[in-house]
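Got the viewer open and a free hand for the mouse? Here's a short walk around the model, one selection at a time.

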Amino acid sequence: MGRKSTMPTPLDTATSARLSRQARASTKPELALRRELHRRGLRYRINHPGLPGRPDIALTKAKVAVFVDGCFWHRCPEHGTTPRNNRDWWVAKLDRNVARDRAKDAALAELGWIAVHVWEHETVTDAAERVESIWQQRIMSRSAGSRSARTTRHDPGTD
């Protein structure tokens, strides 16, 4: 038994047509971030199908999942708005989006991934620096852990 989402009655055909054309993947902010991360030498997978939420960008070596969130659809604290028309329906819809975001973040964390959310209004440079910094921290901690595991010798007399 699936949850049935009742769509509100469109107030006009122009609004309905505009919303149906909204890009869901490879948006301008997402493409710009991908270009900048690639320029910085980071390699990634796009919309990784094996991960919860199909992250926009998946840095698999470091297990960093990046989502480029639209201010309206994900309730940006700075720019998020709620439409006046069909307000109750939109509040419920946007609340579900945010709850789904938190659920996929938790599912990724259970798999050892970290979820990074970038707002569409963030500058590409700031967003790329944040993602790259997290990537570097995770790569360094993984390599330090594997290096110490390789160099630590087991002394049978200490058990």
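## Stop one: a loop

Start by selecting asparagine 47, which sits in the loop that joins strand 1 (45–46) to strand 2 (57–59). Keep in mind as you go that this is a predicted model.

Is asparagine 47 buried or exposed? Its relative accessibility is 16%, so asparagine 47 counts as buried, the cut-off for that label being under 20%. Now show what surrounds it. Once you set aside the neighbours within four places in sequence, asparagine 47 is in contact with Ala25, Arg54, Pro55 and Asp56.

## Stop two: helix 2

Next, select residues 28–39, and you have helix 2. Try a distance between the C-alpha atoms at its two ends: they are 16 Å apart. Why does that agree with what you'd expect? Helix 2 has twelve residues, and at 1.5 Å a residue they should span 16 Å, so the two values match. The reckoning multiplies 1.5 Å by one less than the number of residues.

Stay on helix 2 and colour its buried residues: Glu30, Ala32, Leu33, Arg34, Glu36 and Leu37. Then step past the end of the helix to glycine 41, which follows helix 2 and has a positive phi, near 95°.

## Stop three: two cysteines

Now pick cysteine 71 and cysteine 76. How many disulfides does the structure hold? Zero. Cysteine 71 is in no disulfide, and the nearest cysteine sulfur to it, that of cysteine 76, lies 3.8 Å away. Look from the other side and cysteine 76 is likewise in no disulfide, with the sulfur of cysteine 71 as its nearest cysteine sulfur, at 3.8 Å. A disulfide would need the two sulfur atoms to be within 2.5 Å.

Switch on a surface here, too. Cysteine 71 has 5% relative accessibility, so it counts as buried. Cysteine 76 is buried as well, with a relative accessible area of 4%.

## Last stop: zoom out

Finally, show the whole chain as a cartoon. You should find four helices and four strands, and if you trace along the sequence they come in the pattern α-α-β-β-β-α-β-α.

With everything in view, here are some totals. The protein has 159 residues, and 28% of them count as buried. It exposes about 10700 Å², with carbon and sulfur atoms supplying 52% of that area. And among contacts with a separation of 6 or more, 57% are between residues 24 or more positions apart.

Terms used. Residues numbered from 1 in each chain as written. Predicted model: local features only at pLDDT ≥ 70, side-chain atom pairs only at ≥ 80, totals over all residues. Heavy atoms only, no water. Buried < 20%, exposed > 50% of the residue type's maximum accessible area, 1.4 Å probe, protein only. Contact = heavy atoms within 4.5 Å. Areas by Shrake-Rupley, 256 points an atom, 1.4 Å probe, with all protein chains shown as cover.
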